[in-house]
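Hi,

Here is the structure I said I would pass on. Have a look at it first, and my notes follow underneath.

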Amino acid sequence: MRVNIEFEGVLKYFDEDGDGKISPCELRNKVGMMGGELLLKDVELLIDEFDSDGDGLLSLEDLVKIMEESREDEKLKDLAEVFEMYNDTQILGFITPKSLQIMLGRLGESKSIDQCIDMISHFDLNGDGVLSFHEFRVMMMR
């Protein structure tokens, strides 16, 4: 319920004419007032992508979808940053048992190579002995 109140507040901010929906012009105007700049055609494309009822306007439901997708993008970005911390400098793009051991040691958790191999094996979907970003993402979403 709190989330809906938050989104309703955002909708009210952008909804200049009070009709309960956000038009391309309203979105462009408010983004401009916040210091951003969007071309009208870009705003129209955004609205077309999320407009669930085809009226050319964003409803509360559409706004929630946009905000949730934005949050998901932010989560993926954060995961990528964490993945890079564990990434092996010799074999870029993968977490190896050795790179896992080093990073855990930096975090104050001492593990043997065998323990790190075992940890990786639980999420190593293709059995290559290392974790790709996809496998790391699966592990972190559990």
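The thing I'd start with is a small network of salt bridges that links Lys21, Asp53 and Asp55. Bear in mind throughout that this is a predicted model.

Lys21 takes part in two pairings here. With Asp53, the side chains meet at 2.7 Å, N to O. That pair links distant parts of the chain, 32 residues apart: Lys21 sits in the loop between helix 1 (2-14) and helix 2 (24-33), and Asp53 in the loop between helix 3 (40-50) and helix 4 (60-86). With Asp55, the side chain of Lys21 forms a salt bridge at 2.5 Å, again N to O. Asp55 is in the loop between helix 3 and helix 4, and Lys21 in the one between helix 1 and helix 2, so this pair ties together parts that are 34 residues apart in sequence.

How buried or exposed are these three? Lys21 has a relative accessible area of 19%, and because buried means under 20%, it counts as buried. Asp53 is partly exposed at 46% relative accessibility, and Asp55 is partly exposed too, at 34%.

In total the structure holds 3 salt bridges. Away from the network, Glu109 and Lys111 meet through their side chains at 3.4 Å, N to O. Glu109 counts as partly exposed, with 39% relative accessibility, and Lys111 is also partly exposed, with a relative accessible area of 24%.

Now the pockets. Which residues line the largest one? The list is Val82, Tyr86, Ile95, Leu100, Leu104, Met119, Ile120, Leu131, Phe136, Met139 and Met140. Helix 4, helix 5, helix 6 (113-121) and helix 7 (133-140) are the elements that each give two or more residues to that lining. Helix 7 gives the most, with 3 residues. The space inside is about 180 Å³. By class, the lining has 11 nonpolar residues, with no polar and no charged ones.

The second largest pocket has a volume of about 150 Å³. Its lining is made up of Met85, Tyr86, Asn87, Asp88, Thr89, Gln90, Lys98, Ser99, Ile102, Met103 and Arg106. Here the elements giving two or more residues are helix 4 and helix 5, and helix 5 gives the most, with 5 residues. The mix by class is 4 nonpolar, 4 polar and 3 charged residues. If you put the two linings side by side, you'll find Tyr86 listed for the largest pocket and also for the second largest.

One residue from that second lining is worth a look by itself: Ser99. It lies in helix 5 (residues 97-106). Is Ser99 buried or exposed? At 8% relative accessibility, Ser99 counts as buried, because the cut-off for that class is under 20%. Leaving aside residues up to four places away in sequence, Ser99 touches Tyr86, Asn87, Asp88 and Phe94. Of these contacts, Tyr86, Asn87 and Asp88 also appear in the lining of the second largest pocket, as does Ser99.

If you open the model, I'd suggest going to Lys21 and its two partners, Asp53 and Asp55, and then to the lining of the second largest pocket, where you will find Ser99.

Cheers

Technical notes:
Residues numbered from 1 in each chain as written. Predicted model: local features only at pLDDT ≥ 70, side-chain atom pairs only at ≥ 80, totals over all residues. Heavy atoms only, no water. Salt bridge = Lys/Arg side-chain N within 4 Å of Asp/Glu carboxyl O. Helix = DSSP H or I, 4+ residues; strand = E, 2+ residues; numbered from the N terminus. Buried < 20%, exposed > 50% of the residue type's maximum accessible area, 1.4 Å probe, protein only. Contact = heavy atoms within 4.5 Å. 1 Å grid on protein atoms, 1.4 Å probe; cavity = no way out; pocket = protein on both sides within 12 Å on 5 of 7 lines; lining within 4 Å. Points joined across faces, edges and corners; volume = space filled by probe spheres on them. Nonpolar A, V, L, I, M, F, W, Y, C, P; charged D, E, K, R; others polar.
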